[in-house]
Amino acid sequence: MDSLNILVVDDSPIITRKLTMMLELLGYKVVKTAATGTEAISAYRQCHPDVVTMDITMPEMDGIEATKRIMQEFPEARIVMVTSHGQEKMVIDALKAGAKGYVLKPFDGQKLNEAIEKACKRVVLKDKLRAELTMRESDADAASATNAPAPSDAPSP
């Protein structure tokens, strides 16, 4: 897989640094960071990342509201929530808002990588399905456009 561009959103500078280092060790490229939901929306507009890691609890605007707004503007956005234990209801709200997955703090590289890959596969599968449907429609259109009678296998008299 090509290196994905990642936007890291967390109000803790320590978590932001840890996430950035872990993502880069996994082969991803952190293109921008943000500390609030408002900054996340602005950063998404600027860099159109492949994936966003989004903290839920932040000042100014939480990650759930930021996810809702990003998804309204960019329906194909892939957002993975990064959350603490005990925030299950918030995770469900985030998934309803459009997040593609979540990872619990304290996180490890394997769990983080799995959440990112899972978020990406959902979109890739939709794209593959669209491509397959488009191909089938164009094949059907080409077949009906020819309207030529099929050659017969029966011998001529």
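Let's start with the pocket. The largest one has a volume of about 270 Å³. Keep in mind that this is a predicted model.

What lines this pocket? There are 14 lining residues. Nearest the centre lie Y102, V103, L104, K111 and A115. Two elements give two or more residues each to the lining: strand β5, residues 101-105, and helix α5, residues 109-146. The largest share comes from α5, with 5 residues. How does the lining split by class? It has 7 nonpolar residues, 6 charged and 1 polar.

Next, the core. As a general point, nonpolar side chains in soluble globular proteins tend to be buried together. Here, the largest nonpolar core holds 24 residues. Which of them have the most contacts inside it? Those are V9, M54, I70 and I79. Several elements each supply at least two residues of this core. The strands are β1 (5-9), β3 (51-55) and β4 (79-84). The helices are α2 (37-47), α3 (63-73) and α4 (88-97).

There is also a second, separate core. That one has 19 residues, L4, L19, L23 and V80 among them.

Back to I70 for a moment. Leaving aside residues up to four places away in sequence, I70 touches A40, I41 and Y44. It also touches M54, A77 and I79.

M54 takes us to β3. Why do we call this strand largely enclosed by the rest of the structure? Because 5 of the 5 residues of β3 are buried. In a regular strand, side chains alternate between the two faces of the sheet. So look at each side of β3 in turn. One side carries V51, T53 and D55. The other carries V52 and M54. Every one of these is buried, and both faces are covered.

Now the neighbours of β3. β1 pairs with β3 in the parallel sense, over 4 bridges. In that pairing, V8 stands opposite T53. β3 and β4 also run parallel, joined by 4 bridges. There, D55 stands opposite V82 of β4.

V8 leads to one last residue, T20. Where is T20? It is found in helix α1, residues 13-25. Is T20 buried or exposed? Its relative accessibility is 17%, and buried means under 20%, so T20 counts as buried. Again setting aside residues up to four places away in sequence, T20 touches V8, V30 and T33. So V8 appears twice: opposite T53 in β3, and in contact with T20.

That's the tour. Questions, please.

Methods
Residues are numbered from 1 along each chain as its sequence is written. This is a predicted model: local features need pLDDT of at least 70, side-chain atom pairs count only at pLDDT 80 or more; totals for chains, interfaces and linings use all residues. Side-chain values use heavy atoms; hydrogens and water are left out. On a 1 Å grid over the protein atoms alone, a cavity is a set of points where a 1.4 Å probe fits but cannot get out, and a pocket is an open set with protein on both sides within 12 Å along at least five of seven lines; lining residues have an atom within 4 Å of a point. Grid points are joined across faces, edges and corners, and a volume is the space filled by probe spheres set on the points. Ala, Val, Leu, Ile, Met, Phe, Trp, Tyr, Cys and Pro count as nonpolar, Asp, Glu, Lys and Arg as charged, and the others, Gly among them, as polar. A nonpolar core is a set of buried Ala, Val, Leu, Ile, Met, Phe, Trp, Tyr and Cys residues joined through side-chain atoms within 4.5 Å. Buried means under 20% relative accessible area, exposed over 50%, partly exposed in between (1.4 Å probe, protein chains only). Contact means heavy atoms within 4.5 Å. Two strands pair if DSSP finds at least two bridges between them.
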